[in-house]
4 protein chains.
Amino acid sequence: PFSLIPLFLSHVLSVPALLSQPGAASYTDSSDDETSPRDKQQKNSKGNGDFCIKNIKQADFGRREIEIAEQEMPALMALRKRAQGEKPLAGAKVVGCTHITAQTAVLMETLTALGAQCRWAACNIYSTQNEVAAALAEGGFSVFAWKGESEDDFWWCIDRCVNLEGWQPNMILDDGGDLTHWIYKKYPNMFKKIKGIVEESVTGVHRLYQLSKAGKLCVPAMNVNDSVTKQKFDNLYCCRESILDGLKRTTDVMFGGKQVVVCGYGEVGKGCCAALKAMGSIVYVTEIDPICALQACMDGFRLVKLNEVIRQVDIVITCTGNKNVVVREYLDRMKNGCIVCNMGHSNTEIDVASLRTPELTWERVRSQVDHVIWPDGKRIVLLAEGRLLNLSCSTVPTFVLSITATTQALALIELYNAPEGRYKQDVYLLPKKMDEYVASLHLPTFDAHLTELSDEQAKYLGLNKNGPFKPNYYR
Amino acid sequence: PFSLIPLFLSHVLSVPALLSQPGAASYTDSSDDETSPRDKQQKNSKGNGDFCIKNIKQADFGRREIEIAEQEMPALMALRKRAQGEKPLAGAKVVGCTHITAQTAVLMETLTALGAQCRWAACNIYSTQNEVAAALAEGGFSVFAWKGESEDDFWWCIDRCVNLEGWQPNMILDDGGDLTHWIYKKYPNMFKKIKGIVEESVTGVHRLYQLSKAGKLCVPAMNVNDSVTKQKFDNLYCCRESILDGLKRTTDVMFGGKQVVVCGYGEVGKGCCAALKAMGSIVYVTEIDPICALQACMDGFRLVKLNEVIRQVDIVITCTGNKNVVVREYLDRMKNGCIVCNMGHSNTEIDVASLRTPELTWERVRSQVDHVIWPDGKRIVLLAEGRLLNLSCSTVPTFVLSITATTQALALIELYNAPEGRYKQDVYLLPKKMDEYVASLHLPTFDAHLTELSDEQAKYLGLNKNGPFKPNYYR
Amino acid sequence: PFSLIPLFLSHVLSVPALLSQPGAASYTDSSDDETSPRDKQQKNSKGNGDFCIKNIKQADFGRREIEIAEQEMPALMALRKRAQGEKPLAGAKVVGCTHITAQTAVLMETLTALGAQCRWAACNIYSTQNEVAAALAEGGFSVFAWKGESEDDFWWCIDRCVNLEGWQPNMILDDGGDLTHWIYKKYPNMFKKIKGIVEESVTGVHRLYQLSKAGKLCVPAMNVNDSVTKQKFDNLYCCRESILDGLKRTTDVMFGGKQVVVCGYGEVGKGCCAALKAMGSIVYVTEIDPICALQACMDGFRLVKLNEVIRQVDIVITCTGNKNVVVREYLDRMKNGCIVCNMGHSNTEIDVASLRTPELTWERVRSQVDHVIWPDGKRIVLLAEGRLLNLSCSTVPTFVLSITATTQALALIELYNAPEGRYKQDVYLLPKKMDEYVASLHLPTFDAHLTELSDEQAKYLGLNKNGPFKPNYYR
Amino acid sequence: PFSLIPLFLSHVLSVPALLSQPGAASYTDSSDDETSPRDKQQKNSKGNGDFCIKNIKQADFGRREIEIAEQEMPALMALRKRAQGEKPLAGAKVVGCTHITAQTAVLMETLTALGAQCRWAACNIYSTQNEVAAALAEGGFSVFAWKGESEDDFWWCIDRCVNLEGWQPNMILDDGGDLTHWIYKKYPNMFKKIKGIVEESVTGVHRLYQLSKAGKLCVPAMNVNDSVTKQKFDNLYCCRESILDGLKRTTDVMFGGKQVVVCGYGEVGKGCCAALKAMGSIVYVTEIDPICALQACMDGFRLVKLNEVIRQVDIVITCTGNKNVVVREYLDRMKNGCIVCNMGHSNTEIDVASLRTPELTWERVRSQVDHVIWPDGKRIVLLAEGRLLNLSCSTVPTFVLSITATTQALALIELYNAPEGRYKQDVYLLPKKMDEYVASLHLPTFDAHLTELSDEQAKYLGLNKNGPFKPNYYR
């Protein structure tokens, strides 16, 4: 039987991503007692106790956070308005497992407004905003999550969402695949009533494709990770800003005149390179794919092998999704003061393990910043111990989270309402038209005015006036 | 029965694209007599007369043009070298119908080096470089093409390529679909021996998809127009430069501080916008597709409807592929001196016909530049009468043509050597790996050094070390 | 008699600029006792007690900070090396009043290596790094400074630097003019032996020009604030980076697609606009000077009056050096969520006082971030209460401080060694050649290789081979 | 006695700059007879014959050119309007020597509208637009100029402007210093009545400073070449566009991915580098001045010595004002196909003479494009034989000429109306306020709206509300 363990362990334990969310800095739990939430008996003001969170008394503070997030998630608010007449999720019983943040709360309350019932757990043991969880519990949601869960707590919470007498989910919203895995492992029969899975993460999507390939996927699944809108925002546009932010917050480095090598010229690399070039850095690129390599050339970057420039660069950034891109041999040859960081997929791109040897001294100089010191006194500045810089040392803008959450909501609606047989037991991309709809819901933020096709033009182009406007492969 | 006539007419007659090729300016035909090539009896120095061109005496001049082009088409030259050992096109009988230029000559001589026999006609009645045709004839090619063919000549030349006792083509290389159409119409039995069609143009590809949809496509066809490399170069990178070049050569306009509206934010629009922004113009964008619209916003352009800015802009550029984007109503409201031009697909984007009314005066102020004058004295500067600015008023770099020609050669090799059954009677995109190979052949031009995956990395990524490196939908 | 009081008060009390220096975050004083340093008797390890600082025991920690700073101030280190043979400041007795930071320590130890004796006070009551002061005291410097001085302490420290039996300064290094003011007021006779003043700040320079105009300046003074190198780095290059950093750290705003108005297109405005444009913002500019206005146009920014765009922008940034640029009327008309901040000269650009009215609610949401809430619920996000964003919410890179410190050292050398009569009782800019020398000392950081003129070329251009290369007015 | 001969010879003979003006291409002189204008007797329609031009019959065509130019020179037209009430040049007798183009005609007619009388000659033997000269003669101007003057004609024309019974100039408007030189040499007494000289060119300004230094300048002179507005437009903004235009028109080179070295990082170099970087080239910079070198670093360019990159670059551009920057040694080491051109001050930057040796073959491949061929077949592409690329191979936008002409008009007004003694016998820069005024007159072109200082703000800044707003040294 297959096992998700190796996968989820790294996933659950290594991504304290949203801890540094906007606003997160402003509240403290220091006055909280040390009792485990599992040992507490709490009820909300209406007497409901079907939840397990840190402290229901923090609900007011959490509510304010949710209200602020609502202001920056106009697309979900627009969905709520349109739902006043119809309830496209009426009858839906959604079990969810995601980061529990103010933005997630806006999503959950939107799903409820659309007609769904929800039960929710956290997909990461560190990332829950306790105040938000409290506000959700106070609002009647069955939430099982707190910041600082043990691994045992983690699975217990998930189980509490699923395993309830008289309540059986018919939709899954997952981020990382752990919830899906749990149901596969413990309650496989539950899939008989489940209409579909919506999965958000690279890891989880990868798992689903493996299940599908192995013929073991027993419901339709929607891969929302690869929708155009989400991809561009999570990668190109978001990284264009977060590379600068992450480097500044950790090192205060001046970008002007710095020599930088960026490993990988996919969407993430493209974003990093564009930003650094704009700030006056001299940027070199390494690539394995000749098409991306040619794009780097045309965009004005010298395409090199790492060993050609490793002695001269001031900053090394990995964006490959690959492993062991920056190995000890390269680290040995870097110059004094060189900054090394990772913007790619996982923490394998820099071979950090190779730096844990006796002759090298580690000095923690700031949060997320280590100096690794060679016997001759050379110092390498390693950020976030090789984990993702943008998740560890900067923040994800609410606007990006809004796109993700809207995509998730639409994917749930699509799967829940699809006529019998439209979706088989396979993994699907969000239909182009839905992707376009997510984009259109975010245009008012920019006061952007879309042009409409005339009937004559639509006919000429062979398009429906309401889209989709591009083939599925268009990026 | 279907008819290609309406399509090909506009195609054949309206695209004098490569007339302005580099070098084209330097030779003149003025000393040539007026006799039609069809009435001449010419032989090359080896006594061969199986061709029909303007003047065999121009062969030396044409040869020099070909040699210069060879220097800038290193990928084809590399293919020739690799072909010294094997002849992947041995036995291939290729009939071609493309622009006859020095770059095409390099392609044809490469195909021959790879083992093919070739017969060739022009896909456009204006675009043949007579000297190059002469050099090809002198070199033993059966070429049927000259600059300034009549429509009757055009079809006669195509027929002479195909209709030869004892020679039957087994591969088609087409640019616009006219050759394919002719064989469909006149010699449908010929398809029995044809292994495949390689088609280069938007128009021709569109036709092939229609045939396929109608179940009438009887051989496999390769759509090389939509390969990633070609698309990016023909559109994004090439237009980024040619928009500036086309505007400067025609109007000498200063870009700094100018207000410009670009209609359409696909690859062409993205290229135009990036270039103009970089030169200090203030750029507005119109779009119908919300995804492209959101990209425009994130790239720093105000997304507007045309009527919001039409009174204030200095330049209007269409890049939509649509029709009647700039209609008379908008032209009436533009300010004095406004420049209007088209970078999109065809000459329908600006409603030029609506300007042919008695109250408006046309004044030709330069080649490709008209002032259209309103009764109150207002002048609109219309470029290339609404035809494609970059083809009419600037040049296509040899580097871009090199990518196209290499793609065509590889597509021929792929189709010709594919095992029985790999390709059905359908339209295919070039396999990703071939696309990557085209790119890799062009990297040395930039002294660009590709990184190779280690075995361990390839395994980790689940990739073959030699590619393909990305899914097919990656752009 | 003239009075500096109104000036220095704002100066001393309002610029806690360097508190956020790199590294500053990493040490804490929490274990320190509350005794005033003036009441303590401390001696360094050599028995010297001619200083007054917080805690001599912190010297080791301070020494490490200084060593790290040395690595990033190669120009001063190069000066030290060149000084091994000659001592251009031999006999100089420098009294200084600047921020007491690791970078200043590198400067002071360089001056000593060049032959000078130094006594030093802080120019700001908050900005002293106590550990660095301890390391300086341990190293034998007479330092009188600690973090959190009272105003009385402030003047007492300055007096202790100057008023010492048997020690009379002959050079002044000032930052803000307070030290100079104190000597003018208390010990005017001291100027008889003083060879010159080196002044760093806008405020101090302004004072010196006023003194000069009034005929009251009795020694030569060097305005190092207006040297080309310093200006470009403090303003254009530094602000290009710090505007992004300051906004991100405070608000996590996403720049892409945001509409921003920048008031003022001097060097600071140019830097801000370039950075935001590069990140995908749509930037409008306001200006009073038609030359700068025309530059904004040519650089691709719409030049508007504030009232034309105030309702639509997402961010308002002042860079004018003027007062009341953003007044209540404009604040009233901004949209919900608009961010308002100041990158200009002082805290007068935004009329913050006008927001302290009963109908508006202030809510501190983060350090340096206030929400000002209108009765209808509209929130304006005010950063640093209108004080300088880049000093309050980001950091000044050591590289910029290195340029400033090197300029100060060279200005001291120039004034101290100038032949009698070269400098009158006036305010001077650093000679162009010195400015060029500062620049040249910083080129190795970028591995930049300067070209040298041949004799023939120097003659042709009418230049000395060693510079100066440009007229004084060149920027 | 001093001699201008070496200077003016190169000046007069080598700058056929404005021949390629917009519109210039559209009229032909082919129908003109070959008679020298000096041998013709022509009168305008009012019977006036005090001029000497090619053909008075071309006046109508020239008038249309002038009218078109008027549309793009709004600043001069605005001056005319303001002059309807007052005539600031009433009584002025201006003798001028400039290029005779439509733009100059707009200037001359503006001076007349302001009250001046004008007599005019050409400053270049090739650059006169005959039709414009005809229109001016028809309009009553005493013009002495035609295209294709001999050197003797050149001085004869100048003499005819000056040497007229009963007419003595009191103002000089010169471009190159030849007119000034002629009066110095032939009619030195004339300076007694001359109120001032306005000089436009680098060469002429250099001469004036030499005269001033030698104590021989006997009237005030205004250096309009160095006004901020003109400098930025002639250099930074204009070259940013013309480097791309000049390279494209001559070579059709694709910029993306090309490696380029730009010699010199002054205003011209800054413009070239910015444009090429924006188009995707990889740009290296060489500099002699450490301040400009540091700017290049901060702007993201690798600062190198030419020999470090000469083997690898695709394009070499000189922008130094120096001589022998690219010498034979470097040309020998360039790679095949390298493009070499000059954007700097004169034709000395590339040592073209060193390429005129027997072992090298020159091949003219296009107008302004030579291939220089080494014995091994290597070809260097030399543009404009090393003369100024932007003057030879692109055009100067009317907007730039408008700024120059407006500056000249204001300088004449300033000198003519200055109270006795304000200007001594020296060379002056245009007062800052006038410079600002020129800028302000060009803002409406961009629909740009200037902000006005309030009384309170002006007082705070210590500025007059109407300017000047910056110190004189501000650039």
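In what order do the seven strands of the open sheet of chain C follow one another, and is their pairing parallel or antiparallel? In this predicted model, the order is β3-β2-β1-β4-β5-β6-β15, and the pairing is parallel. The edges of the sheet are formed by β3 (142-144) and β15 (427-429) of chain C, each of which pairs on one side only. Between neighbouring strands of this sheet the turn is 20° on average, with direction ignored. At the β3 edge, strand β2 (residues 117-122) of chain C runs parallel to β3(C) and is joined to β3(C) by three bridges. Within this part of the sheet, R119(C) stands opposite S142(C) of β3(C).

Chain A likewise contains an open sheet of seven strands, for which the order β3-β2-β1-β4-β5-β6-β15 and parallel pairing are found. Its edge strands are β3 (142-144) and β15 (427-429) of chain A, each pairing on one side only. From one strand to the next, the twist averages 20°. Strand β1 (residues 93-98) of chain A and strand β2 (residues 117-122) of chain A run parallel and are connected by six bridges. One residue pair of this connection is K93(A) with its bridge partner Q117(A) in β2(A). Helix α7 (residues 178-186) of chain A lies across four strands of chain A, namely β1, β2, β4 (171-174) and β5 (196-199). Relative to β4(A), helix α7 of chain A runs at about 135°.

Antiparallel pairing is found in chain D, where strand β12 (residues 361-366) is joined to strand β13 (residues 369-373) by five bridges. Across this pair, E363(D) has H371(D) of β13(D) as its bridge partner. The hairpin of β12(D) and β13(D) has two residues between the strands, and Q368(D) in this hairpin adopts a positive phi near 70°. On pairing with strand β14 (residues 379-383) of chain D, β13(D) again runs in the antiparallel sense, over five bridges. Here V372(D) is matched with its bridge partner I380(D) in β14(D). Five residues separate β13(D) from β14(D) in the hairpin that these strands form, and G377(D) in the turn has a positive phi of about 95°.

Turning to the relations between chains, chain B is superposed on chain A by a rotation of 180° with 0.0 Å of shift along the axis, at an RMSD of 0.1 Å. Of the interface residues of chain B, 98% are also interface residues in chain A, so the copies meet through the same surface. The contact between these chains involves 44 residues of chain B and 43 residues of chain A. On the side of chain B that touches chain A, at least two residues each are supplied by α9 (228-251), α11, α12 (306-309), α16 (432-442) and α17 (455-461) of chain B. The largest share of that side, seven residues, is contributed by α11(B). By class, the side of chain B that touches chain A comprises 22 nonpolar, ten polar and twelve charged residues.

One helix pair between chains A and B is formed by α16 (residues 432-442) of chain A and α11 (residues 290-298) of chain B, which pack at an angle of about 40° with their axes 8 Å apart. This angle makes α16(A) oblique to α11(B). The crossing of the two helices is left-handed. To the contact, α16(A) contributes D435(A), E436(A), A439(A), S440(A) and H442(A), while α11(B) contributes P290(B), I291(B), A293(B) and L294(B). Among the residues of this contact, five are nonpolar, two polar and two charged.

For chain C, superposition on chain A is obtained by a rotation of 180° with 0.1 Å of shift along the axis, at an RMSD of 0.1 Å. That is the relation of a two-fold axis. Since 100% of the interface residues of chain C are also interface residues in chain A, the copies meet through the same surface. In the contact between these chains, 27 residues of chain C meet 27 residues of chain A. Two or more residues each are given to the side of chain C that touches chain A by α9 (228-251) and β12 (361-366) of chain C. The largest share of that side comes from α9(C), with seven residues. The side of chain C that touches chain A is made up of twelve nonpolar, seven polar and eight charged residues.

Notes. Residues are numbered from 1 along each chain as its sequence is written. Chains are lettered from A and ligands numbered from 1 in the order in which they are written. This is a predicted model: local features need pLDDT of at least 70, side-chain atom pairs count only at pLDDT 80 or more; totals for chains, interfaces and linings use all residues. Copies are superposed by least squares on the C-alpha atoms of residues with pLDDT of at least 70 in both. Two residues are in contact if their C-beta atoms, placed from the backbone, lie within 7 Å. Axes are lines fitted to C-alpha atoms, for helices over the stretch in contact, and angles run from 0 to 180 degrees between N-to-C directions. Angles under 35 degrees count as roughly parallel, over 145 as roughly antiparallel, 65 to 115 as roughly perpendicular and the rest as oblique. A crossing is left-handed if the near helix is turned anticlockwise from the far one by less than a right angle, and right-handed if clockwise. Ala, Val, Leu, Ile, Met, Phe, Trp, Tyr, Cys and Pro count as nonpolar, Asp, Glu, Lys and Arg as charged, and the others, Gly among them, as polar. Two strands pair if DSSP finds at least two bridges between them.
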